[in-house]
Amino acid sequence: MANKAIKYRVYPTTEQEVMFAKTFGCCRKVWNLMLSDKIDGYKATGKFPTVTPAKYKNDYHYLREVDSLALANVQMNLQKAYKSFFDKKRKKKNGFPKFKSRKARNSYTTNNQKGTVAIIENKYIKLPKIGKVKAVIHRFPEEDWIIKSATVSKERDGSFYISILFEFDRIITKVTKSDNVIGLDYKSDGLYMDSDGNIGSNHKYYRENHKKLAKEQRKLSRKVGSKKNQTKSNNYLKQLKKVNKIHRHISNQRLDNLHKKSTEIANQYDIVCVESLNMKSMSNKGFGNGKATLDNGYGMFLSMLEYKLNDRGKYFIKIDKWYPSSQLCSCCGSRKKLTLQERIYKCNCGLTMDRDLNAAINIKNEGLRLLEVA
Ligand SMILES: [Zn+2]
């Protein structure tokens, strides 16, 4: 079993911030109470007594309001601190546990018990006693990763983070077989073309939903309230809700698909070569229209691919964005410029090939060259 922690930026509501502050305070209080009881007990009996947070809940009623697992973790941490202080084998000595002042780091840790801690709808983190906290999920766990615990912290600048600890079986592939390589060429009207000629595209329902969206948007434009200066009618607001729902659905679907596709590739290949993308220059070059370029999520796809390959101990190779992947002949290496309309690369050496496939093969070969140089 391996562990990995991912730290997410979160944006709690005012109520949630208050609850976080309460929990930080309660953890500090319980730490100090337990420490003081241990010291007093030692003075009286010559032994450090075992103390638990439950003992204080009658005297300090507010301790009942916060996540009890957070308090249980304080007890564990105090025990660990004691153990390491008395551990004679430890080379690096920790000092005797200290009392915590208000200036101490604001954080607490809670555990996942059958889904009490979870990432929801790709934009919230659920916590016990807190509920759904708005979060920027910049990195997604793999499907088989299990959430062990979550640590909430408040930084000095007032920002909040939740670090989630995942547990999973690590399968590291030793990269020895260099034939297990793939090159990916960006496709503005899909997702990519790989160097074996397979096309990766967005989910088929994606297009259907776009049609549905267009239809509902047309309906919206006919409702009272769609024009500037018009008061928004109930029917307009109802229709707007419908449109927004489809928007959300599409973006979730796309994300799921990117996730699935990148996992497949990371599982299947040891070395994946891609082109560094410059989205701005791509839309200038007229690779389809700019909207399709930005909309199909290729940038996100690449970042998913990168961390998934890294997690598996595999190679993700980015080749220079100025490398002329679409101009070179993948067979003889000669170079010529194709117009955007030319979909087939024809070379004097006899090569006749789909231009995207030709580019993907070039990307693969250049990636392998870079790997050998490195
Ligand atoms: Zn050629």
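In this predicted model, helix H7 buries a long list of its residues, namely Tyr298, Phe301, Leu302, Met304, Leu305, Tyr307, Lys308, Leu309 and Asp311. The helix runs over residues 298-311, and its 14 residues reach 20 Å from the first C-alpha to the last, which is close to the 20 Å expected at 1.5 Å a residue. After H7 comes Gly313, a residue whose phi is positive, near 70°. One of the buried residues of H7, Asp311, also belongs to a network of salt bridges in which it is linked with Lys4 and Arg139.

**The chain as a whole**

The protein chain that contains this helix has 8 helices and 14 strands. Of its 374 residues, 41% are buried. Among the contacts with a separation of 6 or more, 65% are between residues 24 or more positions apart. The chain exposes about 22200 Å², and carbon and sulfur atoms supply 51% of that area.

**The zinc site**

Which residues are the protein donors of the zinc ion? They are Cys329, Cys332, Cys347 and Cys349, each through its SG atom, and they lie 2.2 to 2.3 Å from the ion. The angles among the 4 donor atoms run from 104 to 114°, and the site is tetrahedral. As a point of reference, the ideal angle for four tetrahedral donors is 109.5 degrees. Along the sequence, the donor residues follow the spacing C-x2-C-x14-C-x1-C. Cys329 is found in the loop between strand E12 (315-319) and strand E13 (344-346), while Cys347 is found in the loop between E13 and strand E14 (352-354), so this pair ties together parts of the chain that are 18 residues apart in sequence. Cys329 counts as buried because its relative accessibility is 2%, under the 20% cut-off, and Cys347, at 13% relative accessibility, counts as buried too.

**Salt bridges**

Side chains of opposite charge can pair when their charged atoms come close. The structure holds 13 salt bridges, and the table gives three of them, with the separation of their N and O atoms.

| Acidic residue | Basic residue | N to O distance |
|---|---|---|
| Asp356 | Lys187 | 3.0 Å |
| Glu216 | Lys242 | 3.9 Å |
| Glu366 | Arg369 | 2.9 Å |

The side chains of Asp356 and Lys187 meet in a salt bridge, and this pair links distant parts of the chain, since Asp356 is in helix H8 (residues 355-373) and Lys187 is in the loop between strand E8 (181-186) and strand E9 (192-194), 169 residues apart. Asp356 counts as buried at 7% relative accessibility, and Lys187 is buried as well, with a relative accessible area of 12%.

Glu216 and Lys242 form a salt bridge between two helices: Glu216 lies in helix H3 (residues 204-222) and Lys242 in helix H4 (residues 234-268), so the pair ties together parts that are 26 residues apart in sequence. Here Glu216 counts as buried at 6% relative accessibility, whereas Lys242 is partly exposed, with a relative accessible area of 42%.

How many residues apart are Arg369 and Glu366 in helix H8? They are 3 residues apart, and they are therefore separated by about one helical turn. An α-helix has 3.6 residues a turn, so residues three or four places apart point the same way. Arg369 counts as partly exposed at 43% relative accessibility, while Glu366, at 13%, counts as buried.

Methods
Residues numbered from 1 in each chain as written. Predicted model: local features only at pLDDT ≥ 70, side-chain atom pairs only at ≥ 80, totals over all residues. Heavy atoms only, no water. Donors = N, O, S within 2.8 Å, 3.2 Å for Na, K, Ca; no water. Tetrahedral: all angles 85-135°; square planar, octahedral: opposite > 155°, others 65-115°. Helix = DSSP H or I, 4+ residues; strand = E, 2+ residues; numbered from the N terminus. Buried < 20%, exposed > 50% of the residue type's maximum accessible area, 1.4 Å probe, protein only. Contact = heavy atoms within 4.5 Å. Areas by Shrake-Rupley, 256 points an atom, 1.4 Å probe, with all protein chains shown as cover. Expected span 1.5 Å × (residues − 1). Salt bridge = Lys/Arg side-chain N within 4 Å of Asp/Glu carboxyl O.
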